[in-house]
Amino acid sequence: MNYSKESQDLDFAYKVRRALNESAESLPAPTLDRLAQARKAALARKKPDSGAKVHVFSGVLAGTNGFSFPGPSTWLGKLGIIIPLLALIAGLAGIYENEKQQRINELADIDTAVLVDELPPAAYVDTGFTAYLNKAEE
């Protein structure tokens, strides 16, 4: 079996505990009394439990590591959401305009090629001319 280091340590601790419990049953009564007195003395010297101090931050969002803007108004927090959203919208609008301009340029290039060609534009609409071009290619 492939145990991790933690599980091997835990198995060893259980084995030691079991061995100590088994051997504790065979101890003489005076030894058990001395152990009980030593335990009571140790518990009497134990420091009282003190509550753990916990720092609580209000308005903590995921990913802020406990940092939040001070003050009752959260306009800075709202700006932290609005500014990236506005940047995203502006970026998408810019991409749309760029794509639209490229499409216009491509159509203008096609129109220029048609108008500069020696054939009249009516020839491209004529179905007989299209059939003639298909025959000429064969």
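How much area does the protein chain expose, and what share of it do carbon and sulfur atoms supply? The protein chain exposes about 13000 Å², of which carbon and sulfur atoms supply 63%, with accessible areas taken from the Shrake-Rupley method with a 1.4 Å probe and, for residues, only the protein chains shown counting as cover. This is a predicted model, in which local features need pLDDT of at least 70 and side-chain atom pairs count only at pLDDT 80 or more, whereas totals for chains, interfaces and linings use all residues. Residues are numbered from 1 along each chain as its sequence is written, and side-chain values use heavy atoms, with hydrogens and water left out.

**Fold and burial**
- The protein chain has five helices and zero strands, helices (H or I, at least four residues) and strands (E, at least two) being DSSP runs numbered from the N terminus.
- Buried residues (under 20% relative accessible area, against over 50% for exposed and in between for partly exposed) make up 2% of the 138 residues.

**Salt bridges**
- The structure holds two salt bridges, each a side-chain nitrogen of Lys or Arg within 4 Å of a carboxyl oxygen of Asp or Glu.
- In one, D9 meets K5 at 3.5 Å, N to O; the two residues are four apart in helix α1 (residues 5-24), and so are separated by about one helical turn.
- In the other, the closest N and O atoms of E97 and K100 are 3.7 Å apart; E97 is partly exposed at 42% relative accessible area, and K100 is partly exposed at 38%.

Notes. Buried means under 20% relative accessible area, exposed over 50%, partly exposed in between (1.4 Å probe, protein chains only).
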